[in-house]
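Reader: I'd like to learn how to read a fold from its model. Can you walk me through it?

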Amino acid sequence: ASFTISLHKADNTTVTIKLKPSLPPSCRIRMKNVIVSELRIKPGENVTFTFTCSTPEKYFITEIQKSIDCVSGPCPFGDVHLYPPGLPRLNRTYIWDVKASTKAGLELKFSTSWLRQIEPGETCPDSVSYNINSCIDKATVNIGTFCRNGSVSRIKLLGGVVMSLHLPWHLPLTTSGFNIANRASIKRLSIIESILKGESSITLMSPNYPLGFPEDELMTWQFVIPPNMRASVFFHNYSLSNCERKEERVEYYIPGSPSNPEVFKLSDSQPANIAGSFNMSLQGCDQDAQNPGILRLLFQVIVQHPQVDENVTHLVDLSKEKNMTVTIHLEGWPSYIPLMSEPICLICKDPRTCDRVLTLTSGAVYKISFLCKDLSRLRITAEKGIGCMDIRWCQRRIYSLSVPKAITGLPIRLHMFIWKLLATDMINIEITYPSLKLQQRVQEQRCNTSYGYSIVSATPETELNVGVFCPGGSIEKIQMRNNITISLKTFGKGFINESIPQDLKMSFVPHIKDECIFTVSPNPKAKVYLQTPNWPHGLPPYVSISWFIVVPSKRTARLGFSEDRMGVACETGRAYVNIKEETLGAEEIVRREDELLPQPRNMLHNFWVNVSNCRPVDKTQLALQFWVTSADKQIDLGIIVAVVAGAGVLTVIGLAVCCVKKKKKKTQNPMVGVYNANVNTQMPGRKGLFRKGRQNNESHVYAVIDDAVVYGHLLKESNGLVSPEVDVYRPFDGPIGSLPPSPPPFSFRKDIKCSSNTEEEPLPLTDADQDTYTFAHQKSGQSEDSGDANKKDKGDTSVPLLENKEQDGLVE
């Protein structure tokens with residue numbers, strides 16, 4: 001098809017048809033016998049042309065530029081039409097260059113659809129966009145880019161205007177959508193009028209956004225608000241320039257305000273809950289010529305109905321609290337930011353100071369109110385710090401870790417309350433729940449309460465997630481090293497349940513050597529599950545954790561592990577599980593990471609379970625879970641029969657001895673001794689282990705050092721660097737300590753081979769501080785530990801670690 005474009009000379013309009021940038025010239029323009037890639041039609045010309053392809057809209061765009069002089073001649077007020085008609089269906093850009101004096105600014109009025117400002121790079125849904133620039137002398141300021149269907153009804157500009165309208169090729173638009181309404185001096189860069197109807201939201205930006213606002217300029221926005229609505233202003237993104245003189249600020253003119261204009265810094269919380277229409281102005285400053293910086297602002301105005309309970313205030317008394325902050329926010333904050341179009345919830349600490357997030361600090365009393373239709377969207381997060389730098393001042397004090405009534409009394413759900421407990425290196429923290437004790441939250445035992453406590457221990461080298469605990473369990477206390485963070489987290493809407501009162505207590509205690517120690521009293525009615533911290537990711541390298549299990553005298557406990565092995569491979573050192581009853585002569589059960597864990601066993605006395613980690617290989621981690629049950633001790637009838645039978649035998653022997661003595665008294669014949677060389681003169685008894693005394697032979701010297709030998713004297717040497725010697729077996733008869741069984745020091749956790757024939761690895765040593773070292777020997781007639789049932793070799797002499805009088809500290 002052919003096209004004819006005729007331009008009148010008086011219209012001052014130029015039409016240019018050109019190829020889209022970066023496209024090959026696959027389509028051309030033909031005029032008679034001439035083929036060109038670009039066509040420019042000037043005022044007064046009449047041109048007929050065709051395209052060499054059937055889809056020119058893929059390759060060409062049209063630019064129509066019109067000059068309007070409002071300085072030397074009359075200004076053509078009224079609607080601005082799209083001229084000329086009959087253009088080909090290509091993407092079109094209309095540009096109106098309106099020249100005007102700075103003493104008489106121009107007013108652009110938009111049709112009923114009005115405009116909506118968008119950020120640079122954003123596109124309009126219908127691909128129709130307006131770009132408005134203000135021309136002051138030779139300087140051009142970009143007022144902004146706008147789409148149709150918004151709230152911006154008028155824009156007044158100082159000086160001339162360059163207005164651009166971008167239309168897609170498929171949209172047959174016939175009107176420009178704006179008119180030149182008036183000329184008036186405004187004495188500022190521009191004024192943007194926005195009319196908001198009903199509940200709505202508008203986002204606006206400072207001129208040249210995100211580049212800098214012109215130096216020492218003034219810009220105003222006028223907001224028309226329905227009389228029965230409330231408006232709130234929020235700054236979402238801003239930056240400040242470097243001022244030499246004056247100060248950048250925001251000014252509000254609010255009808256009925258006792259102090260107009262109200263002046264705010266850009267960093268202040270802006271006015272909220274404004275009743276009626278108002279103006280807002282942005283004032284720049286004289287900038288530093290060497291380092292001007294950038295003044296820019298993106299803000300939002302939200303209009304909503306007044307809330308029914310906006311006059312209802314809630315008293316939050318934090319005057320007696322110390323080191324505490326309370327933040328009221330929307331659910332999901334700060335990671336979740338609601339859309340600007342969503343209805344908002346505002347928290348106000350006075351009728352005009354409202355925001356989506358409100359932070360209250362200790363030492364003051366607040367009266368807050370809520371402008372929110374649905375308070376269930378709001379949450380409270382609070383934080384309190386407690387510290388101890390000198391144990392002499394803190395040791396006897398017990399701190400109650402409970403949520404203050406000032407928070408629980410608010411009609412908002414508590415999301416989290418955080419206690420940050422700070423202590424020096426030699427001061428540790430003890431956690432108890434006296435009324436109900438604590439239960440560790442694991443997969444096998446869920447919390448039935450509406451809240452729980454997440455405990456994280458932070459040493460200088462390691463952060464240890466101890467676990468989640470809730471009231472109503474078997475853990476009497478938890479002792480941890482260094483700084484602790486305890487977070488009360490709610491699981492449901494039932495917090496706080498009066499039937500489960502908060503009773504978490506904390507105190508500072510002297511230094512402990514393990515990373516964490518749990519004291520557990522198993523509930524006789526349930527199976528107690530316990531697992532290592534950092535579950536399921538595993539313990540950090542070289543960390544030791546202990547559990548002290550309390551077994552009452554009339555009860556027995558049963559201990560079992562959820563897995564057969566530790567499931568960790570060590571790169572350096574060894575991982576150990578130590579089990580030791582707290583009674584004289586108790587056998588210590590030790591398992592390495594390459595051995596099977598013990599099968600379920602009965603424990604008759606209080607006992608320790610210690611888990612110590614090595615440096616794992618690759619991604620393997622030590623994550624261990626075990627369980628404990630408690631039951632009444634069962635009286636063994638066989639033992640009773642044996643005791644009674646034994647008593648009867650002793651009675652018979654006693655009677656026989658009495659009879660023999662009486663008979664001897666009656667016969668006074670002298671005794672006659674006869675020597676018999678074939679009779680053994682030794683007293684009858686148990687045959688000795690050695691045929692001659694150990695002092696007189698070398699039967700106790702071993703040719704090969706293996707797992708059945710412990711090198712006691714090596715502990716007296718420095719760091720175990722002296723070549724090991726042999727030792728003599730001596731039974732252990734020392735006192736039983738109250739500290740957990742301690743794993744060996746890591747300086748001895750390397751493989752020691754004293755002979756090329758040695759295949760087994762000797763167990764590492766434990767610093768016992770002058771204690772003797774023994775082997776765990778099996779009593780006669782007693783079966784092997786069921787955990788080692790798979791070891792068929794009866795010569796296997798795996799030796800458990802022995803008890804220390806003083807627990808070793810672990811280096812992380």
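Author: Sure. Helices and strands are DSSP runs, at least four residues for a helix and at least two for a strand, numbered from the N terminus. In this predicted model, the protein has 3 helices and 54 strands.

Reader: How many of the residues count as buried, as a percentage?

Author: Buried means under 20% relative accessible area. Here 45% of the 812 residues make that cut.

Reader: And how many disulfides are there?

Author: A disulfide is a covalent bond between the sulfur atoms of two cysteines. This structure holds 9 of them. Take Cys-570 and Cys-614, with sulfur atoms 2.0 Å apart. The torsion about their S-S bond is about -85°, so this disulfide is left-handed. Cys-570 sits in strand 48, while Cys-614 is in the loop between strand 52 and strand 53, 44 residues apart. Both cysteines are buried.

Reader: What does the disulfide of Cys-345 and Cys-372 tie together?

Author: That pair has an S to S distance of 1.7 Å. Cys-345 lies in the loop between strand 29 and strand 30, and Cys-372 in the loop between strand 33 and strand 34, so the bond ties together parts 27 residues apart in sequence.

Reader: Why does Cys-372 count as buried?

Author: Because its relative accessibility is 4%, and the cut-off is under 20%. Cys-345 is buried too, at 1%.

Reader: Which side chain does Asn-578 join in a polar contact?

Author: Glu-588, at 3.1 Å. Asn-578 is found in strand 49 and is buried, with a relative accessible area of 0%.

Conventions
Residues numbered from 1 in each chain as written. Predicted model: local features only at pLDDT ≥ 70, side-chain atom pairs only at ≥ 80, totals over all residues. Heavy atoms only, no water. Buried < 20%, exposed > 50% of the residue type's maximum accessible area, 1.4 Å probe, protein only. Polar contact = N/O pair within 3.5 Å; in protein donor to acceptor, adjacent residues only side chain to side chain. Disulfide = S-S within 2.5 Å.
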